[in-house]
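Subject: A structure for you to explore

Hi there,

Here is the structure I promised to pass on. Please open it next to this email and follow along as you read.

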Amino acid sequence: MSNVPIQTTDRTNGAVAPTDERIPLKLIGAIVAVGSLAFIGILTETVMTVLFPELMREFDVDMATVQWITTIYLLAVAATMPVSSFLKRRFPLKAIFLAALALAIVGSLIMIVASAFPMLIVARVIQGIGSGIATPLMMNIILEQSPRSKIGRLMGVGSLVITVAPAIGPTVGGAVTSVLPWRAIFVAAVPLMLIAMVIGLKCIEQKAPTEAAYLDPIQLLSIVLALCGLVLALNQAGVAVSAAMAGTPATRSAVIAVVSLIVGLGSLVLFALSSRKAFSPLLRLGILRDRVVLLHLVEYTILPIVSIGFGYVITNVAQLSLGTSAFLAGSLVLPGALVGAVCSPLGGWLYDRFGAVRPILIPLGIAILGPALLLVFSMRLTPAMLAGFYFIFGFFFALGNPNVMTSALSSIPRQFAPDGNAIFNTCLQFGGAAGTALFSTILAVAQAGHGEEGSAEFMHATAVGGMWTFAVMVVICVAGWACLAAAFRIRSHRAA
């Protein structure tokens, strides 16, 4: 059976007539191999947050220091993802896969044997680079090799890796560390990655020829500085505000945040200017001149603030306001996270069948009920309510949001898909980093000056911080939905 599309279809507004295209088994194997690597990398990102207290004791570091475990990882991922478009054009897919695999394994081995905190930092940088290569590679394989009539459901499978892994991270971390040493997480990851290597070497195929692409060092340096500066500014701004509200010195973090913001914004402007003049830009930013693509990107940047930040908010509100154990708090996000494993491919099937508008706008509109109900009941929540309302959000978010990037990339020429993939995945990471920083700051502000942890006053203050957080989540969700509604309106007018 040929994998060439046998008809031309419009997936933007109307339904799509079914075809008899089949998904090649080797493509499924390639997605499983690269997706497993990406899943493990993203999973360890959120698992580490549960390990902070244990790491602080083992390596004798304070909270401000141990947070660099997550911050440095996010910086490495953010700095690597924009290069994915160049790597896709310049090197064979198997070579890129093996490079990501080697980095992930080396990073895990260092985590297993690390005896000093700086070794953990080095390991997280290596793992972050590997994850920053693997995630866009998975999406590029799907975009390039999927039958056109099946691209929605395969993008849904790819998206569930990105959305489910960070959601179940706290649960996995809490479960494993309750019975085993924290290093067991990375011991278990190594054989899984070796299995992925075997599958990948057998199944990954090179469908498009490589190009003699040029990597401009000025563009590379400017985009790395831009992303690292902006992520670091968000992180340190949160640390500074938290420290100030707690009455501890915050000058150092505030200075770092301001300097990082200036460097990040300045480097971003430099990158944009140099890309306009370059013959072979690192990222073809011209695709963002299309308002439809730009509005999709705004939604794809701000919604992860809520989806990824939810894991942090629920686990902390459950422990610090409701007094649950760490294991129970981590388990509260599990039902909503697991349902995403089913809904992402289902949402992709709906996209293939009915087009983009209804399978995106309807579920994302219903998803707003999750944080809205949490806001309404914020001062009288129970663990069951936390889990149930998050389940509403997780179910409908997973049903609709994975289709957003697919819808956006359908508006640009196929040869520019790697650039769109890199841009969207980079913004996804940035949104996730922003979510944790934003919501941790809101909770810290609410808790400041309200007694010791565990006291009735502190628990009430945390509940108030949760109420503020849920209100911000509702605003973000509504803004994201409005961006998509505007994008589809513009697209509809063009079609007319």
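First, a word we need for S253: helices here are DSSP runs (H or I) of at least four residues, numbered from the N terminus. With that in hand, S253 can be placed in helix α11. Please keep in mind that this is a predicted model.

Is S253 buried or exposed? Buried means under 20% relative accessible area, and S253 counts as buried because its value is 10%. Leaving out neighbours within four places in sequence, its contacts are Q236, V239 and A240.

Staying in helix α11, look at V255. This residue is partly exposed, with a relative accessibility of 47%. V255 belongs to a nonpolar patch on the surface, together with L221, L225, V259 and V263. The five have about 400 Å² of accessible area together. Helices α10 (217-246) and α11 (251-277) each supply at least two residues of this patch, and α11 gives the most, with 3 residues.

Now for the inside. The largest nonpolar core has 100 residues, and those that touch the most other members are L37, M193, F310, L386, F393 and F470. Which helix gives the most to this core? That is α12 (residues 291-320), with 11 residues. Try clicking on F393: setting aside residues up to four places away in sequence, F393 touches V306, S307, F310, A367, G370, P371 and C477. There is also a second, separate core of 22 residues, and F59, V61, I69 and W182 are among them.

Two short helices are nice to look at end-on. In general, an α-helix has 3.6 residues a turn, so residues three or four places apart point the same way. In helix α2 (residues 52-59), F52, L55 and F59 are buried. Viewed down the axis of α2, the buried residues lie within an arc of 65 degrees, so they line one face of the helix. Just after α2 comes D60, which takes a positive phi of about 55 degrees.

Helix α16 (residues 369-376) can be read in a similar way, with G370, P371 and L374 buried. Down the axis of α16, the buried residues fall within an arc of 90 degrees, so they too line one face. Their cover includes α12, α15 (357-367), α17 (383-400) and α20 (456-495).

Finally, the salt bridges, of which the count is 6. One of them joins the side chains of K26 and E205, at 3.7 Å from N to O. This pair links distant parts of the chain: K26 is in helix α1 (residues 25-50), while E205 is in the loop between α9 and α10, 179 residues apart. Both residues are partly exposed, K26 at 39% and E205 at 28%. E205 also meets K207 in a salt bridge, at 3.4 Å from N to O. Through shared partners, K26, E205 and K207 are joined into one network.

Another bridge is formed by K88 and E144, at 2.6 Å from N to O. K88 is in helix α5 (residues 84-90) and E144 in helix α7 (residues 117-145), so this pair ties together parts that are 56 residues apart in sequence. K88 itself is buried, with a relative accessible area of 12%.

Have fun exploring!

Best wishes

Conventions: Residues numbered from 1 in each chain as written. Predicted model: local features only at pLDDT ≥ 70, side-chain atom pairs only at ≥ 80, totals over all residues. Heavy atoms only, no water. Core = buried A, V, L, I, M, F, W, Y, C linked by side-chain atoms within 4.5 Å. Buried < 20%, exposed > 50% of the residue type's maximum accessible area, 1.4 Å probe, protein only. Contact = heavy atoms within 4.5 Å. Patch = residues over 30% accessible without salt bridge, like charges linked within 9 Å, V, L, I, M, F, W, Y side chains within 5 Å. Areas by Shrake-Rupley, 256 points an atom, 1.4 Å probe, with all protein chains shown as cover. Salt bridge = Lys/Arg side-chain N within 4 Å of Asp/Glu carboxyl O. Arc of directions from axis to C-beta.
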